[in-house]
Structure formats: structure tokens, C-alpha cells
Amino acid sequence: VLAELIGKFVSHLSESKTDCYFSTGSYKAMDADVKKENLSSVQQLGVEMTVRYGKYLNLLKEDAENGLCFVLMNCEEFLKQQQRTVVSSLCCLQEHYAGYDWFASSIFLIMSGDREKTLMFLQRFSRLLVSAFLWLPRLHLSMHLPVTTAEYGIHPVYFCSAHHVEMLLKAELPHVCSAFHMSGFTPSQICLQWITQCFWNYMDWSEICHYIAICIFLGPDYQVYMCISLFRHLQQDILKHTEA
């Protein structure tokens, strides 16, 4: 039901010029015969984890690995069309996105391992503003970013979403905010980790689906509210750890 709902919603928005924040060219999917060996070692490890998790949730069949590799390779090629060339020694500014694409993997699971539906959804989704915040590889070296922002290699999720979380945390949960300052960590570091991994390993699958759906339906600012609500939920544990 969720797959159909977000699919129709994104399809409807992506056909409206007023809702399309990013312009994307046409893209034809590569050959379906994509092997795991074509991916980086980080991606290969991510694929194994995703498939294992998908089977545990009874969402994926035996041949799911090839389907996920197909999606990841095509996403990389599709997004490459919208990248600018940046000369830098920073690992995060090389041609390939340095991490694993947790958002695309989440959509693959929501779509029950249907690679064509997943790729079609991601291509349409990439036209919407919310894609910049939910799908981190979307803006990797992107031509949609100012040149200086792309050259610094700092993702907008860090200086937009995570920054707003810190501002709200001071007002809403001052004790949690103080606890972070005492620890030497910043809440934005934790938020970036959560958002980059699409809350995998932090929330249950149904909650991850709720997070993705809420942000798609109601807007990317709900990413900030989700982080604040998590800090509120964890407040007693955070304060207990601070005392200890």
C-alpha cells in the first residue's frame, strides 16, 4: 500500500512544473545484467546488508541482489549527468559518492525488490525539493548547488536540517543541548549520521517507512521535527549517560 501511495503521489507532483524544483534530463536504464563486482567494496557490503535485512523482513526474493545492483548502478549513472567536475584531494569529492546509498535501498525494499518500479520512482522523485534532503547522493557534486558549496563537500542536510535541529534543540530541550556540549559532540553530527543512514540501525522498519512517507507528503522540514522528537524520546537516557 505504501509503495503505491508514495509512487502515485510522487508521480503526480513530478508532472507539475510548479512542484519540480530540479530539472532532470531523460535517462534510459542501462543493461539489466549488472553484477555485484561492478560496485565498490562499500557498495557491495551495503548490498549484502540490504538483501539480508530485506529477506529478514520477508520483502525480498532470492534474486534480489542483482536487482539492487541494477538500481544502484543506474542511480549512479543517472545522477552523474547532473554533476559538475571539482578538482579536489578530498575523498568525499571524488567522482563517486563515498558512502552507500541507504535511501535508494530503502525504496527498493518498500517496492518489494521491483527494480523497474524503484528506478522509475527515484527518477521522478529526483525532480522534487525533498529529494535533496532524503536522498543524500542526489546532491553529490551537483550542478544544482552553487560552485563554492559543491567544492566544500558539505551536504546541505548538514547546514540546513542539522543546523535547524540544533537551533530548535536549544529552545525545546535545553538539558539535552547542554549534555551534548559537555560531551564534546554536537547534535548535528548525530543527526547527519541518522539521516545519511536513513535511520537504519536506529529505528524499526515500519518507523523508517513512516519517516520517508511523512517527509515526502508533508515536506523536508519534517526531517528536522523527526530528529527533535527522537532527542525528546531519548532525553532520559542522554541525561543518565551524562551523569555517569
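This note covers one cavity and one buried glutamine in a predicted model.

1. Cavity count. The model holds 2 cavities of 30 Å³ or more. The points below that deal with a cavity concern the second largest, whose volume is about 50 Å³.

2. Lining residues. The wall of the second largest cavity is made up of Tyr97, Tyr100, Asp101, Trp102, Phe103, Leu134, Leu136, Pro137, Ile195, Thr196 and Cys198. Two elements each give two or more residues to this lining: helix H4 (102-110) and helix H10 (187-196).

3. Character of the lining. Sorted by class, the residues around the second largest cavity are 9 nonpolar, 1 polar and 1 charged.

4. Position relative to the domains. Domain 1 (1-129) and domain 2 (156-243) each supply at least three residues to the lining of the second largest cavity.

5. Glutamine 223, location. Glutamine 223 sits in helix H12, which spans residues 221-233. Its relative accessibility is 1%, so glutamine 223 counts as buried, the cut-off being under 20%.

6. Glutamine 223, polar contact. A polar atom of the glutamine 223 side chain lies 2.9 Å from the backbone oxygen of phenylalanine 133.

7. Glutamine 223, surroundings. Apart from neighbours within four places in sequence, glutamine 223 is in contact with Phe133, Leu134, Val157, Ser161, Ile195, Tyr211 and Cys215. Among them, Leu134 and Ile195 also appear in the lining of the second largest cavity.

Methods: Residues numbered from 1 in each chain as written. Predicted model: local features only at pLDDT ≥ 70, side-chain atom pairs only at ≥ 80, totals over all residues. Heavy atoms only, no water. 1 Å grid on protein atoms, 1.4 Å probe; cavity = no way out; pocket = protein on both sides within 12 Å on 5 of 7 lines; lining within 4 Å. Points joined across faces, edges and corners; volume = space filled by probe spheres on them. Helix = DSSP H or I, 4+ residues; strand = E, 2+ residues; numbered from the N terminus. Nonpolar A, V, L, I, M, F, W, Y, C, P; charged D, E, K, R; others polar. Domains from an automatic or database assignment. Buried < 20%, exposed > 50% of the residue type's maximum accessible area, 1.4 Å probe, protein only. Polar contact = N/O pair within 3.5 Å; in protein donor to acceptor, adjacent residues only side chain to side chain. Contact = heavy atoms within 4.5 Å.
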